[in-house]
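Reader: I have the coordinates open and would like to know how the descriptive words were chosen. Could you take me through the reasoning, one term after another?

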Protein chains: 2
Amino acid sequence: MEKDSKKDLIADAALACFLSTGYGGTSVDDIVKASGMSKGGIYWHFKSKEEIFLYLLKKWMNESERTIQAQLSGNGSAVEKLSGLKEQFLERINEPVSAIIYEFNLQAKDEAVLKKLRALLNDSKRKAIFKDYILLAIRKGEFRPLDAEAAADVLISIFEGLGLQWFIQKKDKKTFERTANLALDIFFNGVLTK
Amino acid sequence: MEKDSKKDLIADAALACFLSTGYGGTSVDDIVKASGMSKGGIYWHFKSKEEIFLYLLKKWMNESERTIQAQLSGNGSAVEKLSGLKEQFLERINEPVSAIIYEFNLQAKDEAVLKKLRALLNDSKRKAIFKDYILLAIRKGEFRPLDAEAAADVLISIFEGLGLQWFIQKKDKKTFERTANLALDIFFNGVLTK
DNA sequence: TGTCCCAGACCGACCAGTCTGTTTTTCACG
DNA sequence: CGTGAAAAACAGACTGGTCGGTCTGGGACA
């Protein structure tokens, strides 16, 4: 771990830049400033700006998966667990990572880079975690029988959709929380056994 | 209308470019090529690339609102109407307009431009249309009593989320349709009166 | 002749990536 | 433990190319 500390330092600085001005909106010089390093240093650790993005995305996804896993794999009720995840989601709502992924996806011209991105996203365990969560809830009789694979995608879509709506509208947070709560409420009403 | 035919010609060409390579990914010269006009011509009709985007977005949103309105304001059942909208949504799924809006949002540096974008998105009647649809369904006793405003946002979030998931994953369409169907199924199960 | 509409060469800014040189670290060996 | 040289890590000026936007000129039409 410690051997890549500088690499992570750069990646963290880059993430901060990307989060505030997007992938295309941040120049390598911006990352230089934010990281306190020089261009030479950065390009010694990474061979391109795209590689920085892919590296930090992987890192971010690993973290993200860990927190989701921690929330959904406990032994509370399905409702409690997902509600807890929603709270975490609301706390980190100001990090429009998904939007930046879409941006990167659109901007990446090199097909090889896109392939790497797809591979990274497909390797994500996020969907599997959601699926396991749903399967368990069904087995315990909390959820009605469902296509767990598709249901996982539905859940992810809801979260992503909410996050992006927030990102664009930037309305007051109270309203947004109300929407998120209702979304979960509807979801539970739609999947819980009666 | 006819007096802006050239303007619309440019906007249509630009839209095609944006849809395939994103806002940042398409240069003005790309629009020049696609429209068959020259740079001078384009900059006679528009004062900037951003203005082209805002113009075509407005146009696109108007169209979009019309089709949503047409689908949701009929006098069928709430389930029928929303299912019909889903079908239309599936047909036009390959137009990642939302993703491009996010991209534009991230890239626009000028605060004035962002303000215009926000104004445009806030003026959208899309949310109002969904809200009216929900209110009617509640009044007719099809949906249980709900916060219609928030529920409209939930619906929009679901559609947006689904679209963006598709945009990134690009899995086979059958799987995607299954997910979309389940999403609506859960939604209906969550809001219909029993 | 003046106005509208357009063509396309041109410009300055920016930006990812390179190159050359310098500092710091590592480590073999006396 | 000292030391010196090789390798690693970094600094920052520089470059080639791209891109949004301008400018000058010209054709069409009134």
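**How the terms are earned**

Author: Gladly! Chain A is divided into domain 1 (1–46) and domain 2 (49–191). Please keep in mind that this is a predicted model.

Reader: Thanks. How do you know where the bounds of the domains in chain A lie?

Author: They come from an automatic or database domain assignment. With those bounds, the C-alpha centres of domain 1 and domain 2 of chain A lie 25 Å apart. As for contact, 11 residues of domain 1 of chain A touch 14 residues of domain 2 of chain A. Helix 1 (residues 5–21) of chain A gives the most to the domain 1 side, with 6 residues. That side has 9 nonpolar, 2 polar and no charged residues.

Reader: And what makes up chain A in terms of helices and strands?

Author: Chain A has 10 helices and 0 strands. Its C-alpha atoms fill a box of roughly 60 × 35 × 30 Å along the principal axes.

Reader: Let's go on to packing. Why is helix 5 of chain B called roughly antiparallel to helix 10 of chain B?

Author: The axes of helix 5 (residues 78–91) and helix 10 of chain B cross at roughly 155° and come within 11 Å. Angles over 145 degrees count as roughly antiparallel, so helix 5 of chain B is roughly antiparallel to helix 10 of chain B. The crossing of these two helices is right-handed.

Reader: Which residues make that contact between helix 5 and helix 10 of chain B?

Author: From helix 5 of chain B come B:V79, B:L82, B:S83, B:K86 and B:L90, and they meet B:E177, B:A180, B:L184 and B:F188 of helix 10 of chain B. By class there are 6 nonpolar, 1 polar and 2 charged residues in this contact.

Reader: Now across the chains: what makes helix 10 of chain A roughly perpendicular to helix 10 of chain B?

Author: Here the angle is about 95°, and the axes of helix 10 (residues 173–191) of chain A and helix 10 of chain B are 7 Å apart. The range from 65 to 115 degrees counts as roughly perpendicular, and therefore helix 10 of chain A is roughly perpendicular to helix 10 of chain B. In this contact A:I186, A:F187, A:N189, A:G190 and A:V191 meet B:I186, B:F187, B:N189, B:G190 and B:V191. The residues divide into 6 nonpolar, 4 polar and no charged.

Reader: Why is helix 9 of chain A called oblique to helix 6 of chain B?

Author: Helix 9 (residues 148–169) of chain A and helix 6 of chain B pack at about 40°, with axes 11 Å apart. Roughly parallel needs an angle under 35 degrees, and roughly perpendicular starts at 65, so helix 9 of chain A is oblique to helix 6 of chain B. This crossing is left-handed. A:L164, A:F167 and A:I168 of helix 9 of chain A make the contact with B:I101, B:Y102 and B:N105 of helix 6 of chain B. Of these residues, 5 are nonpolar, 1 is polar and none is charged.

Reader: How many residues does each chain give to the contact of the two chains?

Author: Chain B gives 36 residues and chain A gives 37. On the side of chain B, helix 6 (97–107), helix 9 (148–169) and helix 10 (173–191) give two or more residues each. Helix 9 of chain B has the largest share of that side, 14 residues. By class, the side of chain B that touches chain A has 19 nonpolar, 12 polar and 5 charged residues.

Reader: Finally the DNA. What makes a residue count as near DNA strand C, and which are the closest?

Author: Its C-beta atom, placed from the backbone, has to lie within 6 Å of the strand. On that basis 16 residues surround DNA strand C, the closest being A:S27, A:S48, B:S38, B:G40 and B:G41. Helix 3 of chain B gives the most to this surface, with 5 residues. The surface near DNA strand C divides into 4 nonpolar, 7 polar and 5 charged residues.

Reader: Which residues are the closest to DNA strand D?

Author: For DNA strand D they are A:S38, A:G40, A:G41, B:S27 and B:K49, out of 16 residues that surround the strand. The largest share of the surface near DNA strand D, 5 residues, comes from helix 3 of chain A. By class this surface has 4 nonpolar, 7 polar and 5 charged residues.

How values were computed: Residues numbered from 1 in each chain as written. Chains lettered and ligands numbered in written order. Predicted model: local features only at pLDDT ≥ 70, side-chain atom pairs only at ≥ 80, totals over all residues. Helix = DSSP H or I, 4+ residues; strand = E, 2+ residues; numbered from the N terminus. Nonpolar A, V, L, I, M, F, W, Y, C, P; charged D, E, K, R; others polar. Contact = placed C-beta atoms within 7 Å. Axes fitted to C-alpha atoms, helices over the stretch in contact; angles between N-to-C directions. Left-handed = near helix turned anticlockwise from the far one by under 90°.
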